[in-house]
Amino acid sequence: MDNPEEGGTALEENTAGEEAGYVQLLNGETLEGWKGDTAYWRIENGNLVGEVTPDKLLKRNTFLIWQGGQPADFELKGEFRITADGNTGVNYRSIELDSIPFALKGYQADIDGKKRYTGQNYEERGRTTLAYRGEEVLINPQENPTGTLRDNIKNNAWLGRNITGSLGEPDSLLALIKSEDWNDFHLVVKGNRLQHYVNGVLMSDVTDNDTLNRQLKGALGVQVHVGPPMKVEYRNLRLKQL
């Protein structure tokens, strides 16, 4: 399996010390270039913060959405830190809903404070779980194209998942994710292949052959999830479009 952390796709440093081809998505001072509910999102100490407080609990998931375009093929890097009860994710190739404020439907690099889901590929408001952590998966079209998505989902996972390989033992992958500390993430999205790395290790690898439901470009955003009070921080978000 190709590893984009090595070999031909290794990144070169330019004279300014930035990775060649990457652009920073956060200015460290304001939410310029993004839109979302500022009751939940802010910049603090140079980091992007999403926070749910006891007096502002969510009725539905809410996103901070990047306004710089609809990336198709890209690599996205950054760091996250999340409290133990937190639930968040990085959405990409997503559709912004007209009917619900600051809502996205689409692929998500899942992240949570209890480390149950971090690294997996979950489709928000769509086909639900596409790949659990440690899985290499081929996604097949729904068996009943005229039916609803719900007809093709069971136990919060897409029935058309074909597990084609293992990326490592679950306990070994789990041990690589730090609790309530900074973790690196790296998304490599090319064509219909979607790879999620955490701390330099491939955690899920999806090839999406479901031409009816997949998206090849779309919105980019970060999430705070319905649930108990939580706080997530992101920093050094940088995007390279391919």
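Select strand β3, residues 41-44, and look at its two faces: W41 and I43 lie on the covered one, while R42 and E44 lie on the uncovered one. This is a predicted model, and everything on the tour should be read with that in mind. As background for the pattern in this strand, side chains in a regular strand alternate between the two faces of the sheet.

Keep β3 on screen and add strand β4, residues 47-52, which pairs with β3 in the antiparallel sense over four bridges. To find one place where the two strands face each other, pick W41 and look across to β4, where G50 stands opposite.

Now follow the chain from β3 into the turn that leads to β4. The hairpin has two residues between the strands, and N45 takes a positive phi near 55 degrees there. That backbone angle is worth a pause, since N45 is not a glycine and yet has a positive phi of about 55 degrees. Is N45, in the loop between β3 and β4, buried or exposed? N45 counts as exposed, because its relative accessibility is 75%, and the cut-off for that word is over 50%.

Next, select strand β7, residues 87-96, where the surroundings are mostly covered, with eight of the ten residues buried. Two pairings of β7 can be shown one after the other. Display β8 and you will see that β7 and β8 pair in the antiparallel sense over eight bridges, with G89 having D110 as its bridge partner in β8. Then display strand β18, residues 219-224, which pairs with β7 in the antiparallel sense over five bridges; here N91 has G221 as its bridge partner.

Stay with D110, the partner of G89, and centre the view on it. D110 is placed in strand β8, which covers residues 104-112. D110 counts as buried because its relative accessibility is 7%, where the cut-off is under 20%. Which residues does D110 touch, leaving aside those up to four places away in sequence? They are N87, T88, G89, Y117, T118, G119, Q120 and Y122.

From D110, move on to T128, which is 18 residues away in sequence and 11 Å away in space, C-alpha to C-alpha. T128 brings you to another hairpin, for T128 is in β10 and is the bridge partner of E123. Select both strands of this hairpin, β9 with residues 121-124 and β10 with residues 128-131, and you will find them paired in the antiparallel sense over three bridges. Three residues lie between β9 and β10, and in this hairpin R125 takes a positive phi near 60 degrees.

One further stop concerns backbone angles. Select E180, which is found in the loop between α1, residues 170-174, and β15, residues 183-190. E180 is not a glycine, although its phi is positive, at about 50 degrees.

The last residue to select is L237, found in strand β19, residues 230-241. L237 is buried because its relative accessible area is 3%, and buried means under 20%. With residues up to four places away in sequence left out, L237 touches V23, Q24, L25, L26, W34, K77, G78 and F185. Pick V23 from that group and draw a distance to L237: the two are 214 residues apart in sequence, while their C-alpha atoms are 8.4 Å apart in space.

Finally, zoom out until the whole protein chain is in view, with its one helix and 19 strands. Along its principal axes the C-alpha trace spans about 50 × 45 × 35 Å. Why can the chain be called a compact globule in its radius of gyration? With 242 residues, such a globule would have a radius of gyration near 18 Å, and the 17 Å of this chain agrees with that.

Colour the chain by accessibility, and buried residues make up 47% of the 242 residues. The accessible surface comes to about 11400 Å², with 46% of it belonging to carbon and sulfur atoms. Among contacts between residues at least 6 apart in sequence, 67% join residues at least 24 apart. If you then colour by charge, there are 27 positive and 36 negative charges, and their mean positions are 5 Å apart.

Note on methods. Residues numbered from 1 in each chain as written. Predicted model: local features only at pLDDT ≥ 70, side-chain atom pairs only at ≥ 80, totals over all residues. Heavy atoms only, no water. Pairing = 2+ DSSP bridges. Buried < 20%, exposed > 50% of the residue type's maximum accessible area, 1.4 Å probe, protein only. Contact = heavy atoms within 4.5 Å. Rg over C-alpha atoms; globule rule 2.2 N^0.38 Å. Areas by Shrake-Rupley, 256 points an atom, 1.4 Å probe, with all protein chains shown as cover. Lys, Arg positive; Asp, Glu negative; His and termini not counted. Charge placed at Lys NZ, Arg CZ, Asp CG, Glu CD.
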